[in-house]
Amino acid sequence: MSQTDTQTITTTIEHKGHTRHSIANGGGGGGGGGGGSMSKISATQAAQQQAVAPSSAEQSAIRKISLRLVPFVGLMFFINFLDRTAISFAGPNGMNTDLALTVAQFGLASGIFFIGYILLEVPSNLALHRFGAHKWRARIMVSWGIVSLLFTWVSSVQELYMLRFLLGIAAAGFFPGAILFLSLWVPARYRSKILALFYLAQPMTTVLGAPLAAWLIEQHGLFGLSGWRVMFLGVSIPAIVVWIITWFYLVDRPQDAKWLNDEEKRWLVGELESEHAATAQQTSQRAHRPVQQTGVGAVPDLFRLYLWPVYAGVLTAHHYQRVPTAVWHHL
């Protein structure tokens, strides 16, 4: 190899080394830039987390609502659901025999409840807005409590039909009214958690309500009544008692809640008013869109309001009333 070739190779190696060194330095600079970018991102995330971190007033307001409103409304739902399904416990434990009911008559008496319930579902919730939550919900409680109490002295299938229909009318609007009431108290981002706590009342009806009904039925002869009549008496009295408590305990608006301090009221009212304003704006924008001629959009709003209670009523009737009838049929 000549001296010229040796110098050329040496120069090339030095050049490549310099290039690699430059690239390494550049990479280090890039890493430094990346580190700076990561620092900026971390700072931004920290600022966002700090911005959405709940204040002390927010935390205390939601905690008080969770402890004071949700359990009470859940108790009302527990009593409501127990009263409407009490016929499922009474039927195979003496009522069908005493009233000489056939399977078809028992099924009709069970399902006729939902006719009155569906017809008065929407008007009842409109009345909730008109008269206020605590007044109208107290009316619902005392109405279905009195009707449930009358089941204690039912003596014929015709009376059973009438009372079941009246019970549906009396209890109409309770469940959607409860959802509406809680929604008027809780901002949207907390609504799912609050409603999840409220929904626990339904399975609790099976866990606690069924043993309670069985215990009442076992008190055969109390006050000279059959066991199933004692059961109707026992499950109706709590509704009347809670009616009195509801009148004084529930309030319509956060502004009127004595158990919230001024700071909690300001935060809660501000959140709810801002959400209401945003919802009103969205509704106004939708109102100016072209009306759809086909599909669900073509259904009038009032008719659409009735679709959900009809669907829910059919499912509930099928699930909770058909099973007891089948059980009784095979006994």
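**Reading a pocket, a cavity and a helix**

Guide: In this predicted model, the largest pocket encloses about 610 Å³ of space.

Visitor: Which residues are the closest to the centre of that pocket?

Guide: Among the 18 lining residues, His-129, Ser-183, Leu-184, Leu-272 and His-276 are the closest to the centre. Two or more lining residues come from each of helix 8 (121-131), helix 11 (174-183) and helix 15 (262-287). Helix 15 contributes the most, with six residues.

Visitor: How many residues of each class does the lining of the largest pocket have?

Guide: Seven are nonpolar, six are polar and five are charged.

Visitor: How many cavities of 30 Å³ or more does the structure hold?

Guide: There is one, and the largest cavity holds about 30 Å³ of space. Its lining consists of Asp-83, Ala-86, Ser-148, Phe-151, Arg-164, Leu-167, Phe-232 and Val-235. Helix 10 (157-171) and helix 14 (227-249) are the elements that each supply two or more of these residues. By class, the cavity lining has five nonpolar residues, one polar and two charged.

Visitor: How should one read the length of helix 2?

Guide: At 1.5 Å a residue, the 13 residues of helix 2 (residues 56-68) should span 18 Å. The C-alpha atoms at its ends are 18 Å apart, which agrees with that expectation.

Visitor: Which residues of helix 2 are buried?

Guide: The general idea is that an α-helix has 3.6 residues a turn, so residues three or four places apart point the same way. In helix 2, the buried residues are Ala-57, Glu-58, Ser-60, Ala-61, Ile-62, Ile-65 and Ser-66.

Conventions:
Residues are numbered from 1 along each chain as its sequence is written. This is a predicted model: local features need pLDDT of at least 70, side-chain atom pairs count only at pLDDT 80 or more; totals for chains, interfaces and linings use all residues. Side-chain values use heavy atoms; hydrogens and water are left out. Helices (H or I, at least four residues) and strands (E, at least two) are DSSP runs, numbered from the N terminus. The expected span of a helix is 1.5 Å times one less than its number of residues. Buried means under 20% relative accessible area, exposed over 50%, partly exposed in between (1.4 Å probe, protein chains only). On a 1 Å grid over the protein atoms alone, a cavity is a set of points where a 1.4 Å probe fits but cannot get out, and a pocket is an open set with protein on both sides within 12 Å along at least five of seven lines; lining residues have an atom within 4 Å of a point. Grid points are joined across faces, edges and corners, and a volume is the space filled by probe spheres set on the points. Ala, Val, Leu, Ile, Met, Phe, Trp, Tyr, Cys and Pro count as nonpolar, Asp, Glu, Lys and Arg as charged, and the others, Gly among them, as polar.
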